[in-house]
Structure formats: C-alpha cells, structure tokens
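The following exercises concern empty space, helix geometry, charged pairs and confidence in a single model. Each task is followed by a worked solution.

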Amino acid sequence: MNTKHINLGLTLLLGALLASCSVTKPYEQPGLTTNKLYRGQQTTDSSTLASLPWRQMFSDTILQRLIERGLSNNLDLKIAVARMQAAEANVLQSKLAFYPTLSTNAGFTLSKSSSAQLRALNIRNAESGSSTVSTTSIPTIKQYSLTASTSWEADVWGKLRSTKRAYVAAYLQSEAYRRAVQTQLIANIANGYYALLAYDKQLKITLETVDNRKTDVETMKALKEGAIVTGADVVQSEANRYAAEVTLPDIRQNIRQTENTLSLLLAMPPDSIPRTQLDIQQSVTSLQTGLPAQLLSNRPDVQEAEYGFRNAFELTNVARTYFYPALTITGTGGFATANTLTGFFAGTFYGSLISGLTQPIFNQGINRQRLNRAQAAQAEAFYTYQATLLTAGQEVSNALFSYQMAVDKMATRQQQLAALEKAVSYTKELLKYTANTNYTDVLTAEQNLLATQLNGVNDRLQQLQATVTLYRALGGGWR
C-alpha cells in the first residue's frame, strides 16, 4: 500500500471519528423539579432524619439484633446482591469488548491418492515410457497446521463506549436496588416488631379486663342476693365478660401471624420472636425532613430509577450507531508442514491482515425499529423516574401527617381514658348503693373504656410506625 492510500485511509478514519461525536450524545441528569414536594412543609434546613444510621434510629437492643439478623439472612437482600454480581460481570464483559479477539486452531490432514488418480497416473507413465505404480506404493501425505486468527472492531461511532456506560448504569441501578431492599427490610422489621408489641399490650389489657369482669359477675350475683339487682343484670354481666374474652383468639392470632411474618423476613422457619414492651419504646422526636431535593441522593429507589433512565439513554446511543458502517480489522497467520512434526516452526508460514468497512444497506428498517424501541424504553424510564420521585414526596408527606395525627389523638385519648375510668367507677358505686342507675350504664361505661384503651395502643403504634415510615421515605436505613 503506497503513502497516498495510507493518507487517504487516515483521513477517512479521522473524519469518521469526528463524525462519531454527533452520533452518540452525552448523558445529562434530568432537571426534575422538587419544589413543594413535601406538602405543607417549607424549610431551608438540610438536616434530615435519613442521615441517621439505623442503629441510632432504633435504640431497642433486641430490635437491633433482629435487624442485624435480617441484614445477614434475608433472602430478598441476597437476591439483590446476586443481581449486583451479574451486573458487575456485564460491566467487565463490556470492557473486554474493546480488545481484539484471538482464537487458535491446530489441524492434521491425512490424504491418499484414489484408485482413479492411480489409473490416470499409470496411463501417463505408460505413454511416457515410465514404469507403472502399484497399489501398495500409493503415497500417503500427512499435513500439520497451526493457525491463529484475531479480529478487532474499531469503536468509531462510540457503540462500545455507550454499551459499557449502559452496563455501568445497570450495575449502579442494581446497587441502588440492593439499598432500596435494605431500607424496606429494616422498616418492615421495625414496623412488625412494634406491631407485635402493640398486640402484646392489647392482649394484656384484654386479659386484665376479663379478670375484672369475672369479678364483676361475682359482685352482681351478690347484689342479686341482696335484691339490689335482678337476674337479668347478672346475665348481662356474664355476657359482658364473654364479650371481652371472645376477642382474645383474634389478638393471639394476630400475634402468631406477625411472628411468622417477622420470621420470614429473618429467613428462618416460623417461630416466636424475642421482644420487650411497648411502654419502654422511645421514638425520635425531632423529625427533620431536610430539603426535597435531597431525595435525589438519599432515596435508593429514586437513584435506581435514574440509573434505569441512564441505562436506557445509553442503549439509545447504541441503537443510533447501527446506522453507520463498522470498521473491522482481522488477521490470520500460522505455520504448516508436511509428513513430519520435526522442525514444525521451520515450515511454511502464511498470514494475512484485512480491514473491512461494513455499511448496512438493507437493514435500515430493522435499525429504525431498533432505535424506535430504544427511544420508547428511554421515555418509559424517564416517566418512571418522575413517578418515583413524586411517590417519594407523597410518602414523606403522608408519614409526617400520620405522625402528627397520632400525637394529636394520643393527647385527646388520655383525657378520654381519664373520663371513662371515672365513669366506670362512679356507675359501679351508684349501682351498689343507690337506685339511681342500672347495670346497662355500667356495661356501656366498661365497653367504652376497653375500646378506648385498645385504641390508645393503636395510637401509640401509629406514632412509632409513622416514624419508621418517615425514616424510610426520606431514604434512611442504608447507611
């Protein structure tokens, strides 16, 4: 190849490299607005509950041990780690695509003249006066060969670079997914643990109520003997006792099911869960949300959605490169020798080096649909990213409001409990010593008191779970 051809080839290659700058596009993070993402919250303080490590968030040591076990054994988390490993392998594979491929082949050929070739040879020998060749003297030819071939595709249009960036984005997406699974796992364990404590508290209250109502039945029987109440009042007192007692199986069932759910999160067979008591739980009082824009860096699922969009963006770049020719350089070389392996590498050497420029002609329809599909997937990923961010803002807003409503209910519920306790006490005293009341008043007061006590437990549970939900909604739990 003369100098003129070399210069022409370099000029074409340089022109192709310059043109490749406009084939693939650089990625830019979408500018999604985060204004007013938290409903009713206006703050300039960047301090956020999400930056608090989960060990500081949950002070209950038994709960801490349960979370540790969940992080070590949970199967969903292990699945997420396996996805990361697969994505990492794809990244390494995409890097290797920049290097030439190399393959080798060793061959052995054994050939022998056929009978027809032998007859033709004898005819020629007879015509020339030479001696004929017998069948036993047919020559056998042994040929040995060792070849190597290599191929390298020049990344002129950025196809390989975009593919690698797409795989990197997919890996980061899988890593964000793992963190999202972890934050959800911690929240589920904590919420389940608090629910278990609440059921324990309700069971204790109900058992105490049943004991009290058993005493009430005996009291009513004594009052009947003194002709203060009637037989109907005694029967009503017994029914009141059974009305409380019949709720015990449901509470115990809730306890068993919650324990089984927690066991599944801990990747162990259904079993009892160690725990403390609801009354000693301490919740975080300073619910700092930070700025809505911090969700972009704190929420793993928001980051996962963005990396998904980045992956789709780079795959769209890859689809664009199919419209342009591929520059491939291939080389083949090797050694061949006949009849003996002795001095193999002193035998015949052969080699070739070929460069090719492949331009798609009849694939334009396929390439167009490939690009359309990639662009549609990119649009879908972008909308998913938007929806994930809006969902994050909604979850933060809901958790904040749920916490505040729980606090408001707890303050009012305490006053209600105090009033109902007095009502039960007063109506019982009136029933014993005066004729100004009947057992229906006592029954109503006792039923209202039990319902209020159980609702008070639910208020406390709502407060604790709203704190956990807010912590996860802000992106806490993966640090």
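**Exercise 1.** State how much space lies in the largest cavity, and describe its lining.

*Solution.* In this predicted model, the largest cavity holds about 40 Å³ of space. A search of the whole structure finds one cavity of 30 Å³ or more. Next, list the lining: Met57, Tyr194, Gln282, Ser283, Val284, Leu464, Thr467 and Val468. Then sort these residues by character: five are nonpolar, three are polar and none is charged. Finally, assign them to elements: α12 gives the most to this lining, with three residues.

**Exercise 2.** Determine the volume of the largest pocket and the character of its lining.

*Solution.* The volume of the largest pocket is about 540 Å³. Its lining comprises 25 residues, and those nearest the centre are Lys201, Ile205, Leu417, Glu421 and Gln453. By character, the lining divides into twelve charged, eight nonpolar and five polar residues. As to origin, at least two lining residues come from each of α6 (159–225), α11 (364–433) and α12 (439–473).

**Exercise 3.** Compare the span of α6 with its expected value.

*Solution.* Begin with the count: α6 has 67 residues. At 1.5 Å a residue, the expected span is 99 Å. From first C-alpha to last, α6 reaches 97 Å, which is close to that expectation. Just after the helix, Ala227 adopts a positive phi of about 65°.

**Exercise 4.** Which parts of the chain does the salt bridge between Asp200 and Arg275 tie together?

*Solution.* The structure holds 17 salt bridges. In the one formed by Asp200 and Arg275, the closest N and O atoms are 2.4 Å apart. Asp200 lies in helix α6, whereas Arg275 lies in the loop between α8 (248–265) and α9 (295–298); the pair therefore ties together parts that are 75 residues apart in sequence.

**Exercise 5.** Identify where the pLDDT is below 50.

*Solution.* Start from the whole chain: its mean pLDDT is 85, and 84% of its residues reach 70 or more. Over residues 1–12, however, the pLDDT is below 50. Beyond near neighbours in sequence, this stretch has one contact in the model. Where pLDDT is low, predicted coordinates should not be read in detail.

Technical notes: Residues numbered from 1 in each chain as written. Predicted model: local features only at pLDDT ≥ 70, side-chain atom pairs only at ≥ 80, totals over all residues. Heavy atoms only, no water. 1 Å grid on protein atoms, 1.4 Å probe; cavity = no way out; pocket = protein on both sides within 12 Å on 5 of 7 lines; lining within 4 Å. Points joined across faces, edges and corners; volume = space filled by probe spheres on them. Helix = DSSP H or I, 4+ residues; strand = E, 2+ residues; numbered from the N terminus. Nonpolar A, V, L, I, M, F, W, Y, C, P; charged D, E, K, R; others polar. Expected span 1.5 Å × (residues − 1). pLDDT = per-residue confidence, 0-100. Contact = heavy atoms within 4.5 Å. Salt bridge = Lys/Arg side-chain N within 4 Å of Asp/Glu carboxyl O.
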